[in-house]
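Let's take a walk through this one together, starting from a single residue and working outwards. Keep the model open as you read.

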Amino acid sequence: LLSHFLQAKMSRPVQARRLEGIDKNIWVEFVKLAATYSKVNLGQGFPDFPPPEFLTEAFSRALSGGNHTLHQYTRAFGHPPLVKVLAQFFEKLLGRDLDPMTNVMVTVGAYQALFCCFQALVDEGDEVIIIEPFFDCYEPMVKMAGGTPVFVPLRPNPPKDGKLMSSADWQLDPAELASKFSERTKAIVLNSPNNPLGKVFSREELGLIAELCVKHDVLCISDEVYEWLVYDGKRHIRIASLEGMWDRTVIIGSAGKTFSATGWKVGWVVGPDRLLKHLRTVHQNSVYHCATIAQEAVAQGFQRELTLYGKPESYFVQLPKELQQKRDWLVQSLDGVGMKPIIPEGTYFLVADISQFKSDVPDVPNSDEPYDYRFAKWMVKNKGLAAIPLSAFYSEAHKDNYTNFIRFCFAKEEATLKAASDILQRWKQEKTS
(Lines give C-alpha, C1' and ligand atoms only; values in the text may rest on other atoms or scores of the structure.)
Protein backbone atom coordinates (compact mmCIF):
# COMPACT_ATOMS: atom_id res chain seq x y z
CA LEU A 1 0.00 0.00 0.00
CA LEU A 2 2.85 2.38 0.89
CA SER A 3 4.65 1.82 -2.46
CA HIS A 4 1.34 2.39 -4.28
CA PHE A 5 0.91 5.66 -2.35
CA LEU A 6 4.48 6.82 -3.19
CA GLN A 7 4.01 6.05 -6.88
CA ALA A 8 0.73 7.93 -6.95
CA LYS A 9 2.36 10.96 -5.33
CA MET A 10 5.26 10.96 -7.81
CA SER A 11 3.24 10.65 -11.02
CA ARG A 12 2.07 14.28 -10.94
CA PRO A 13 4.11 16.62 -13.24
CA VAL A 14 6.47 18.76 -11.20
CA GLN A 15 7.70 21.23 -13.79
CA ALA A 16 5.93 24.52 -14.50
CA ARG A 17 4.44 24.66 -18.01
CA ARG A 18 6.48 27.74 -18.84
CA LEU A 19 9.65 25.58 -18.82
CA GLU A 20 8.41 23.21 -21.53
CA GLY A 21 10.69 23.12 -24.56
CA ILE A 22 13.30 25.52 -23.20
CA ASP A 23 15.40 23.11 -21.15
CA LYS A 24 18.21 22.68 -23.71
CA ASN A 25 21.11 25.11 -23.52
CA ILE A 26 23.98 25.25 -26.01
CA TRP A 27 26.45 26.51 -23.39
CA VAL A 28 25.92 23.65 -20.95
CA GLU A 29 26.71 21.12 -23.69
CA PHE A 30 29.59 22.90 -25.43
CA VAL A 31 31.31 24.18 -22.28
CA LYS A 32 31.43 20.57 -21.06
CA LEU A 33 32.82 19.38 -24.42
CA ALA A 34 35.47 22.12 -24.41
CA ALA A 35 36.49 21.28 -20.83
CA THR A 36 36.82 17.59 -21.76
CA TYR A 37 38.55 17.75 -25.15
CA SER A 38 39.83 21.18 -26.13
CA LYS A 39 43.49 22.16 -26.29
CA VAL A 40 42.39 25.62 -27.51
CA ASN A 41 39.01 27.06 -26.54
CA LEU A 42 37.70 29.75 -28.89
CA GLY A 43 34.12 28.84 -28.01
CA GLN A 44 32.68 30.70 -25.03
CA GLY A 45 32.83 34.52 -25.07
CA PHE A 46 35.28 35.46 -22.36
CA PRO A 47 38.84 36.82 -22.48
CA ASP A 48 41.70 34.63 -21.24
CA PHE A 49 43.69 37.79 -20.44
CA PRO A 50 43.26 39.71 -17.15
CA PRO A 51 41.12 42.81 -16.56
CA PRO A 52 43.08 46.09 -16.45
CA GLU A 53 45.26 46.61 -13.39
CA PHE A 54 43.39 49.73 -12.27
CA LEU A 55 40.24 47.59 -11.93
CA THR A 56 41.79 44.67 -10.03
CA GLU A 57 43.57 47.17 -7.75
CA ALA A 58 40.23 48.86 -7.05
CA PHE A 59 38.78 45.46 -6.17
CA SER A 60 41.71 44.69 -3.82
CA ARG A 61 41.37 48.09 -2.13
CA ALA A 62 37.65 47.54 -1.63
CA LEU A 63 38.31 44.06 -0.25
CA SER A 64 41.15 44.87 2.14
CA GLY A 65 40.49 48.54 2.92
CA GLY A 66 39.05 49.76 6.18
CA ASN A 67 35.50 50.24 4.88
CA HIS A 68 33.78 47.17 6.39
CA THR A 69 30.38 48.27 5.03
CA LEU A 70 31.53 47.10 1.58
CA HIS A 71 31.17 43.54 2.88
CA GLN A 72 27.47 44.10 3.58
CA TYR A 73 24.34 44.83 1.56
CA THR A 74 24.29 48.05 -0.39
CA ARG A 75 21.28 49.69 -2.06
CA ALA A 76 19.23 46.97 -3.77
CA PHE A 77 18.92 48.72 -7.15
CA GLY A 78 22.60 49.63 -7.37
CA HIS A 79 25.51 50.71 -5.18
CA PRO A 80 25.18 54.55 -4.96
CA PRO A 81 28.71 55.34 -6.27
CA LEU A 82 28.12 53.05 -9.29
CA VAL A 83 24.68 54.33 -10.32
CA LYS A 84 25.94 57.89 -9.87
CA VAL A 85 28.95 57.47 -12.19
CA LEU A 86 26.91 55.44 -14.72
CA ALA A 87 24.37 58.28 -14.83
CA GLN A 88 27.20 60.80 -15.41
CA PHE A 89 28.69 58.63 -18.15
CA PHE A 90 25.42 58.02 -19.98
CA GLU A 91 24.47 61.71 -19.73
CA LYS A 92 27.56 62.32 -21.86
CA LEU A 93 26.72 59.48 -24.29
CA LEU A 94 23.01 60.23 -24.68
CA GLY A 95 23.08 64.02 -24.32
CA ARG A 96 20.37 64.14 -21.63
CA ASP A 97 20.12 64.55 -17.85
CA LEU A 98 19.77 61.30 -15.90
CA ASP A 99 18.71 60.61 -12.33
CA PRO A 100 20.99 57.88 -10.90
CA MET A 101 18.22 56.61 -8.62
CA THR A 102 15.49 56.22 -11.24
CA ASN A 103 17.22 56.02 -14.64
CA VAL A 104 19.88 53.40 -13.76
CA MET A 105 19.59 49.95 -12.16
CA VAL A 106 22.44 47.50 -11.48
CA THR A 107 21.88 43.80 -12.23
CA VAL A 108 23.69 40.47 -11.86
CA GLY A 109 25.32 40.79 -15.26
CA ALA A 110 23.53 41.76 -18.47
CA TYR A 111 21.87 38.32 -18.37
CA GLN A 112 19.74 39.26 -15.37
CA ALA A 113 19.05 42.66 -16.94
CA LEU A 114 17.54 40.83 -19.93
CA PHE A 115 15.51 38.57 -17.64
CA CYS A 116 14.13 41.62 -15.77
CA CYS A 117 13.16 43.27 -19.08
CA PHE A 118 11.19 40.29 -20.39
CA GLN A 119 9.53 39.52 -17.05
CA ALA A 120 8.60 43.16 -16.41
CA LEU A 121 7.50 44.24 -19.88
CA VAL A 122 6.19 41.17 -21.74
CA ASP A 123 2.73 39.75 -21.05
CA GLU A 124 0.92 36.57 -22.01
CA GLY A 125 0.24 36.75 -25.77
CA ASP A 126 2.58 39.69 -26.48
CA GLU A 127 4.80 39.35 -29.53
CA VAL A 128 8.50 40.21 -29.32
CA ILE A 129 10.52 40.70 -32.51
CA ILE A 130 13.98 39.10 -32.42
CA ILE A 131 16.57 39.75 -35.15
CA GLU A 132 18.39 36.58 -36.27
CA PRO A 133 21.08 35.51 -35.56
CA PHE A 134 20.49 36.35 -31.89
CA PHE A 135 22.08 35.69 -28.52
CA ASP A 136 20.40 32.42 -27.64
CA CYS A 137 18.75 33.37 -24.30
CA TYR A 138 16.34 35.89 -25.88
CA GLU A 139 13.97 33.22 -27.17
CA PRO A 140 13.54 31.15 -23.96
CA MET A 141 13.30 34.31 -21.83
CA VAL A 142 10.47 35.66 -24.03
CA LYS A 143 8.68 32.31 -23.79
CA MET A 144 9.09 32.14 -20.01
CA ALA A 145 7.37 35.52 -19.77
CA GLY A 146 4.43 34.11 -21.79
CA GLY A 147 5.37 36.05 -24.94
CA THR A 148 5.65 34.84 -28.53
CA PRO A 149 8.99 35.38 -30.31
CA VAL A 150 8.70 36.63 -33.92
CA PHE A 151 11.90 36.25 -35.93
CA VAL A 152 13.29 38.45 -38.69
CA PRO A 153 16.64 37.53 -40.27
CA LEU A 154 19.66 39.54 -41.25
CA ARG A 155 20.21 38.36 -44.83
CA PRO A 156 23.73 37.98 -46.23
CA ASN A 157 24.61 39.90 -49.43
CA PRO A 158 28.06 38.57 -50.40
CA PRO A 159 30.33 41.09 -52.15
CA LYS A 160 30.65 40.45 -55.90
CA ASP A 161 34.39 41.17 -56.15
CA GLY A 162 35.50 38.03 -54.31
CA LYS A 163 36.46 40.01 -51.19
CA LEU A 164 35.85 38.53 -47.76
CA MET A 165 32.36 39.17 -46.46
CA SER A 166 31.90 41.71 -43.65
CA SER A 167 29.27 41.65 -40.92
CA ALA A 168 27.94 44.84 -42.59
CA ASP A 169 26.95 42.64 -45.57
CA TRP A 170 24.25 41.02 -43.40
CA GLN A 171 21.24 43.32 -43.56
CA LEU A 172 17.56 43.59 -42.68
CA ASP A 173 15.03 43.70 -45.49
CA PRO A 174 13.00 46.86 -44.65
CA ALA A 175 9.70 45.44 -46.01
CA GLU A 176 10.22 42.13 -44.21
CA LEU A 177 10.99 43.92 -40.93
CA ALA A 178 7.91 46.17 -41.28
CA SER A 179 5.72 43.11 -41.91
CA LYS A 180 6.60 41.69 -38.47
CA PHE A 181 5.07 44.65 -36.59
CA SER A 182 1.39 44.35 -35.61
CA GLU A 183 -0.95 45.44 -32.80
CA ARG A 184 0.30 42.40 -30.83
CA THR A 185 3.97 43.55 -30.98
CA LYS A 186 5.12 44.70 -27.54
CA ALA A 187 8.88 44.98 -28.06
CA ILE A 188 11.80 44.44 -30.39
CA VAL A 189 15.16 43.15 -29.14
CA LEU A 190 18.12 44.96 -30.69
CA ASN A 191 21.66 43.70 -30.17
CA SER A 192 24.27 46.07 -31.60
CA PRO A 193 27.15 45.29 -31.83
CA ASN A 194 25.58 41.90 -32.56
CA ASN A 195 26.65 38.58 -31.07
CA PRO A 196 27.40 36.28 -32.97
CA LEU A 197 28.00 38.20 -36.23
CA GLY A 198 29.82 41.26 -34.91
CA LYS A 199 27.50 43.51 -36.92
CA VAL A 200 27.35 47.17 -35.86
CA PHE A 201 24.00 48.57 -36.97
CA SER A 202 24.27 51.78 -39.01
CA ARG A 203 22.36 54.99 -38.29
CA GLU A 204 20.08 54.21 -41.28
CA GLU A 205 19.29 50.71 -39.98
CA LEU A 206 18.62 52.02 -36.48
CA GLY A 207 16.48 54.82 -37.94
CA LEU A 208 14.33 52.22 -39.72
CA ILE A 209 13.82 50.28 -36.46
CA ALA A 210 13.12 53.50 -34.52
CA GLU A 211 10.54 54.66 -37.07
CA LEU A 212 8.65 51.36 -36.79
CA CYS A 213 8.82 51.40 -32.96
CA VAL A 214 7.33 54.90 -32.85
CA LYS A 215 4.69 54.13 -35.49
CA HIS A 216 3.48 50.96 -33.72
CA ASP A 217 4.14 52.16 -30.12
CA VAL A 218 6.62 49.35 -29.50
CA LEU A 219 9.33 49.12 -26.82
CA CYS A 220 13.00 48.50 -27.66
CA ILE A 221 15.18 46.25 -25.48
CA SER A 222 18.64 47.34 -26.61
CA ASP A 223 21.42 44.92 -25.66
CA GLU A 224 24.59 47.02 -26.00
CA VAL A 225 27.09 44.97 -23.97
CA TYR A 226 29.76 45.29 -26.70
CA GLU A 227 29.31 49.07 -27.02
CA TRP A 228 33.06 49.84 -26.65
CA LEU A 229 34.28 46.97 -28.83
CA VAL A 230 33.91 48.49 -32.30
CA TYR A 231 36.61 48.38 -35.01
CA ASP A 232 37.84 50.03 -38.21
CA GLY A 233 36.80 53.51 -37.07
CA LYS A 234 33.12 52.50 -36.86
CA ARG A 235 30.91 54.21 -34.28
CA HIS A 236 28.39 52.55 -31.99
CA ILE A 237 25.16 54.55 -32.19
CA ARG A 238 22.71 54.24 -29.30
CA ILE A 239 19.15 53.86 -30.53
CA ALA A 240 17.87 55.67 -27.39
CA SER A 241 19.51 58.85 -28.73
CA LEU A 242 17.29 58.82 -31.86
CA GLU A 243 14.11 60.87 -31.99
CA GLY A 244 11.18 59.36 -30.08
CA MET A 245 13.24 56.47 -28.67
CA TRP A 246 14.43 57.45 -25.17
CA ASP A 247 10.98 57.02 -23.68
CA ARG A 248 10.54 53.50 -25.11
CA THR A 249 14.08 52.05 -24.81
CA VAL A 250 15.86 50.07 -22.12
CA ILE A 251 19.66 50.04 -22.64
CA ILE A 252 21.54 47.02 -21.28
CA GLY A 253 25.27 47.14 -20.46
CA SER A 254 27.91 44.89 -18.93
CA ALA A 255 31.04 45.49 -16.87
CA GLY A 256 32.10 41.98 -17.89
CA LYS A 257 32.49 43.01 -21.52
CA THR A 258 33.43 46.66 -20.80
CA PHE A 259 36.30 45.83 -18.41
CA SER A 260 37.16 42.22 -19.44
CA ALA A 261 35.83 40.81 -16.14
CA THR A 262 32.96 38.52 -17.14
CA GLY A 263 33.03 36.57 -13.86
CA TRP A 264 32.22 39.64 -11.77
CA LYS A 265 28.63 39.60 -13.09
CA VAL A 266 27.95 43.33 -12.88
CA GLY A 267 25.47 44.62 -15.46
CA TRP A 268 23.05 47.53 -15.68
CA VAL A 269 20.00 48.96 -17.34
CA VAL A 270 19.59 52.61 -18.30
CA GLY A 271 16.23 54.03 -19.33
CA PRO A 272 13.18 56.11 -18.42
CA ASP A 273 11.67 55.63 -14.96
CA ARG A 274 8.32 54.65 -16.53
CA LEU A 275 10.01 51.41 -17.72
CA LEU A 276 12.66 50.92 -15.03
CA LYS A 277 10.15 51.04 -12.16
CA HIS A 278 8.70 47.75 -13.46
CA LEU A 279 12.17 46.22 -13.82
CA ARG A 280 12.85 47.18 -10.20
CA THR A 281 9.78 45.15 -9.14
CA VAL A 282 11.17 42.02 -10.83
CA HIS A 283 14.67 42.70 -9.48
CA GLN A 284 13.50 43.10 -5.86
CA ASN A 285 11.51 39.87 -6.09
CA SER A 286 14.28 37.78 -7.65
CA VAL A 287 17.96 38.48 -6.85
CA TYR A 288 17.20 41.64 -4.84
CA HIS A 289 20.87 42.65 -4.62
CA CYS A 290 24.24 42.41 -6.42
CA ALA A 291 27.75 41.93 -4.93
CA THR A 292 28.77 45.19 -3.22
CA ILE A 293 32.55 44.93 -3.63
CA ALA A 294 32.34 44.19 -7.37
CA GLN A 295 30.06 47.23 -7.79
CA GLU A 296 32.48 49.43 -5.83
CA ALA A 297 35.42 48.37 -8.04
CA VAL A 298 33.41 48.90 -11.26
CA ALA A 299 32.37 52.35 -9.99
CA GLN A 300 36.05 53.26 -9.55
CA GLY A 301 36.82 51.91 -13.03
CA PHE A 302 34.13 54.14 -14.55
CA GLN A 303 35.34 57.11 -12.50
CA ARG A 304 38.78 56.71 -14.09
CA GLU A 305 37.28 56.33 -17.57
CA LEU A 306 35.13 59.42 -17.08
CA THR A 307 38.22 61.56 -16.47
CA LEU A 308 40.02 59.97 -19.47
CA TYR A 309 36.98 59.95 -21.78
CA GLY A 310 38.09 60.04 -25.44
CA LYS A 311 41.80 60.24 -24.53
CA PRO A 312 44.32 57.73 -25.96
CA GLU A 313 45.09 56.28 -22.49
CA SER A 314 41.41 55.44 -21.85
CA TYR A 315 40.83 51.67 -21.55
CA PHE A 316 37.76 52.11 -23.77
CA VAL A 317 40.12 53.40 -26.50
CA GLN A 318 42.93 50.89 -25.90
CA LEU A 319 40.90 47.66 -25.65
CA PRO A 320 39.25 47.85 -29.12
CA LYS A 321 42.67 48.62 -30.66
CA GLU A 322 44.12 45.47 -29.09
CA LEU A 323 41.10 43.37 -30.02
CA GLN A 324 41.14 44.61 -33.62
CA GLN A 325 44.71 43.25 -33.94
CA LYS A 326 43.56 39.92 -32.51
CA ARG A 327 40.62 39.89 -34.91
CA ASP A 328 42.91 40.55 -37.88
CA TRP A 329 45.27 37.77 -36.79
CA LEU A 330 42.42 35.25 -36.64
CA VAL A 331 40.95 36.50 -39.96
CA GLN A 332 44.34 35.84 -41.65
CA SER A 333 44.73 32.43 -40.02
CA LEU A 334 41.25 31.27 -41.07
CA ASP A 335 41.46 32.74 -44.56
CA GLY A 336 44.88 31.15 -45.04
CA VAL A 337 43.48 27.65 -44.54
CA GLY A 338 40.24 28.24 -46.48
CA MET A 339 37.83 28.59 -43.57
CA LYS A 340 36.30 31.83 -44.87
CA PRO A 341 35.83 34.46 -42.11
CA ILE A 342 33.09 37.10 -42.05
CA ILE A 343 34.98 40.17 -40.83
CA PRO A 344 33.20 41.54 -37.72
CA GLU A 345 32.81 45.30 -37.17
CA GLY A 346 32.56 44.78 -33.40
CA THR A 347 32.33 42.32 -30.42
CA TYR A 348 34.59 39.40 -29.40
CA PHE A 349 33.33 37.15 -32.19
CA LEU A 350 34.01 36.09 -35.72
CA VAL A 351 31.86 33.75 -37.82
CA ALA A 352 33.56 31.54 -40.42
CA ASP A 353 32.26 29.49 -43.34
CA ILE A 354 33.27 25.81 -42.95
CA SER A 355 32.14 24.63 -46.42
CA GLN A 356 35.68 23.70 -47.55
CA PHE A 357 36.21 21.53 -44.47
CA LYS A 358 32.94 19.61 -44.64
CA SER A 359 34.50 16.65 -46.46
CA ASP A 360 36.39 15.81 -43.23
CA VAL A 361 33.26 15.45 -41.15
CA PRO A 362 30.88 12.73 -42.28
CA ASP A 363 27.29 13.71 -42.93
CA VAL A 364 24.62 11.71 -41.10
CA PRO A 365 21.53 11.39 -43.31
CA ASN A 366 18.18 12.11 -41.59
CA SER A 367 19.92 13.43 -38.47
CA ASP A 368 17.94 15.76 -36.21
CA GLU A 369 21.15 17.56 -35.29
CA PRO A 370 22.20 20.50 -37.53
CA TYR A 371 25.42 19.88 -39.48
CA ASP A 372 27.37 22.71 -37.79
CA TYR A 373 26.68 21.12 -34.37
CA ARG A 374 28.18 17.83 -35.59
CA PHE A 375 31.10 19.69 -37.18
CA ALA A 376 31.89 21.67 -33.99
CA LYS A 377 31.68 18.50 -31.85
CA TRP A 378 33.90 16.56 -34.26
CA MET A 379 36.41 19.45 -34.37
CA VAL A 380 36.77 19.70 -30.59
CA LYS A 381 37.06 15.90 -30.16
CA ASN A 382 39.42 15.26 -33.10
CA LYS A 383 41.37 18.53 -33.44
CA GLY A 384 41.16 19.97 -29.92
CA LEU A 385 39.74 23.29 -31.17
CA ALA A 386 36.49 24.52 -29.60
CA ALA A 387 34.02 26.81 -31.42
CA ILE A 388 30.23 27.28 -31.35
CA PRO A 389 27.83 26.31 -34.19
CA LEU A 390 26.12 29.36 -35.72
CA SER A 391 22.73 27.66 -36.02
CA ALA A 392 22.54 27.78 -32.18
CA PHE A 393 21.76 31.48 -32.70
CA TYR A 394 18.69 30.78 -34.88
CA SER A 395 15.13 29.73 -34.18
CA GLU A 396 14.15 26.09 -34.77
CA ALA A 397 12.39 27.01 -38.02
CA HIS A 398 15.47 28.68 -39.54
CA LYS A 399 18.37 26.64 -38.09
CA ASP A 400 18.78 24.49 -41.20
CA ASN A 401 19.50 27.51 -43.43
CA TYR A 402 22.71 28.40 -41.55
CA THR A 403 24.58 25.15 -40.90
CA ASN A 404 27.79 26.03 -42.81
CA PHE A 405 29.16 28.44 -40.21
CA ILE A 406 30.80 28.35 -36.78
CA ARG A 407 31.58 31.15 -34.33
CA PHE A 408 35.02 31.80 -32.85
CA CYS A 409 35.92 34.11 -29.95
CA PHE A 410 39.11 36.13 -30.58
CA ALA A 411 39.28 37.90 -27.18
CA LYS A 412 42.25 35.71 -26.30
CA GLU A 413 45.97 35.94 -25.55
CA GLU A 414 48.27 35.88 -28.59
CA ALA A 415 49.56 32.46 -27.52
CA THR A 416 45.99 31.07 -27.57
CA LEU A 417 45.32 32.46 -31.06
CA LYS A 418 48.68 31.13 -32.30
CA ALA A 419 47.86 27.67 -30.92
CA ALA A 420 44.53 27.79 -32.79
CA SER A 421 46.33 28.85 -35.97
CA ASP A 422 48.78 25.93 -35.61
CA ILE A 423 45.89 23.45 -35.30
CA LEU A 424 44.28 24.87 -38.47
CA GLN A 425 47.57 24.77 -40.41
CA ARG A 426 48.20 21.11 -39.47
CA TRP A 427 44.62 20.27 -40.41
CA LYS A 428 45.03 21.92 -43.82
CA GLN A 429 48.29 20.03 -44.43
CA GLU A 430 46.59 16.73 -43.55
CA LYS A 431 43.84 17.54 -46.06
CA THR A 432 46.27 18.27 -48.90
CA SER A 433 48.78 15.47 -48.22
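With a relative accessibility of 13%, Thr-403 counts as buried, since the cut-off for that label is under 20%. Bear in mind that we're looking at a predicted model. Thr-403 sits in the loop between S14 and S15. What does Thr-403 touch, once its neighbours within four places in sequence are set aside? Its contacts are Ile-354, Pro-370, Tyr-371, Asp-372 and Ser-391.

The two strands on either side of that loop belong to an open sheet of 4 strands, ordered S11-S12-S15-S14 and paired antiparallel. Strand S11 (340–342) and strand S14 (388–389) each have a single partner strand, so they stand at the edges with one side lacking a neighbour in the sheet. Helix H13 (residues 371–383) packs on this sheet, where it touches S14 and S15. The direction of H13 makes about 45° with that of S15. Further into the sheet, strand S12 (residues 349–353) and strand S15 (residues 405–409) are joined in the antiparallel sense by 5 bridges. If you want a pair to look for, Phe-349 has Cys-409 in S15 as its bridge partner.

Now zoom out. The protein is split into domain 1 (23–50 + 315–432) and domain 2 (53–308). Their centres, taken over C-alpha atoms, are 25 Å apart. How many residues of each domain are in contact with the other? It's 38 residues from domain 1 and 43 from domain 2. Between them the two domains bury about 3,400 Å², with 60% of that on carbon and sulfur atoms.

That brings us to the largest nonpolar core, which has 142 residues. The members that touch the most others are Phe-118, Ile-188, Ile-209, Phe-302, Met-339, Phe-375 and Phe-408. Helix H4 (residues 80–94) is the biggest giver here, with 9 residues in the core. Both domain 1 and domain 2 supply residues, so this core lies between them. As a general point, nonpolar side chains in soluble globular proteins tend to be buried together.

Pick out Ile-188 from that list. Leaving aside residues within four places in sequence, Ile-188 is in contact with Ile-129, Ile-131, Leu-177, Phe-181, Ile-209, Cys-213, Val-218, Leu-219, Cys-220 and Ile-221. One of these, Ile-209, is also among the core members with the most contacts to other members.

Strand S7 (residues 185–191) is worth a look here: 6 of its 7 residues are buried, so call it mostly covered. S7 pairs with strand S3 (residues 127–132) in the parallel sense over 4 bridges, and Glu-127 stands opposite Thr-185 in S7. S7 also runs parallel to strand S8 (residues 219–223), with 5 bridges joining the two. Among the pairings there, Ala-187 has Leu-219 in S8 as its bridge partner.

Let's finish on the loop that follows. Between S8 and strand S9 (249–254) you'll find Arg-235. Is Arg-235 buried or exposed? Its relative accessible area is 59%, so Arg-235 is exposed, the cut-off for that being over 50%. Not counting residues up to four places away in sequence, Arg-235 touches Val-200, Arg-203 and Val-230. Phe-201 is 34 residues away along the chain, with 9.3 Å between its C-alpha atom and that of Arg-235.

Definitions and conventions. Residues numbered from 1 in each chain as written. Predicted model: local features only at pLDDT ≥ 70, side-chain atom pairs only at ≥ 80, totals over all residues. Heavy atoms only, no water. Core = buried A, V, L, I, M, F, W, Y, C linked by side-chain atoms within 4.5 Å. Buried < 20%, exposed > 50% of the residue type's maximum accessible area, 1.4 Å probe, protein only. Domains from an automatic or database assignment. Contact = heavy atoms within 4.5 Å. Pairing = 2+ DSSP bridges. Axes fitted to C-alpha atoms, helices over the stretch in contact; angles between N-to-C directions. Buried area = accessible area lost by both parts, 1.4 Å probe.
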